[in-house]
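Me: I would like to learn how to read a protein model step by step. Could we go through one together?

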Amino acid sequence: MITPQETDIYADVDCISTEIPSHSQTTELSQKLRRLVAENRQLLFRVRRLEMAATGQRESKLAMEKNMTCLFNTAVMEISRRDAEIFSMRKEFSSTSIN
């Protein structure tokens, strides 16, 4: 059979304070709460600014990557065009020097 002491789920709790906090404690806690709420607002504002900055930087990075890719592709095409021109000139030169 289970005794009442075995079923007491609060047996390990030493004491539960039922004291009503004093006015000074309440005032102190209220001030602390206001301070923490203000700090939380500042931190949330800072997070939003940092997120906006990160978004802007991400967009800039993508634009730079796109520009660099276009520049690279243009350079590759220009090199191919010049190689073809050099090949054509060599062919023309060799045909004129044979004659």
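Reply: What follows is a conversation about helices, surface and salt bridges in this model, which is predicted.

Me: Let us begin with the overall fold: how many helices and strands are there in the protein?

Reply: The protein has 2 helices and 0 strands. One of them, helix H2, covers residues 23-98, and the salt bridges we shall discuss lie within helix H2.

Me: What percentage of the residues count as buried?

Reply: A residue is called buried when its relative accessible area is under 20%. Here the protein has 99 residues, of which 0% count as buried. The protein exposes about 10100 Å², and carbon and sulfur atoms supply 61% of that area.

Me: How many salt bridges does a search of the whole structure find?

Reply: To count as a salt bridge, a side-chain nitrogen of Lys or Arg must be within 4 Å of a carboxyl oxygen of Asp or Glu. In this structure the search finds 4 salt bridges. One of them joins Lys61 to Glu65, with the closest N and O atoms 3.2 Å apart.

Me: Where do Lys61 and Glu65 lie, and are they buried or exposed?

Reply: Lys61 and Glu65 both lie in helix H2, 4 residues apart, which is about one turn of the helix. Because values between the two cut-offs of 20% and 50% count as partly exposed, Lys61 with a relative accessible area of 49% is partly exposed, and so is Glu65 with 39%.

Me: Which residue forms a salt bridge with Arg81, and which one with Arg82?

Reply: The partner of Arg81 is Glu78, the closest N and O atoms being 2.5 Å apart, and these two residues stand 3 residues apart in helix H2, about one turn. Both are partly exposed, Glu78 at 28% relative accessibility and Arg81 at 43%. Arg82 also pairs with Glu78, at 2.9 Å between the closest N and O atoms, and because they are 4 residues apart in helix H2, about one helical turn separates them. Salt bridges that share partners join Glu78, Arg81, Arg82 and Glu85 into one network.

Conventions
Residues numbered from 1 in each chain as written. Predicted model: local features only at pLDDT ≥ 70, side-chain atom pairs only at ≥ 80, totals over all residues. Heavy atoms only, no water. Buried < 20%, exposed > 50% of the residue type's maximum accessible area, 1.4 Å probe, protein only. Areas by Shrake-Rupley, 256 points an atom, 1.4 Å probe, with all protein chains shown as cover.
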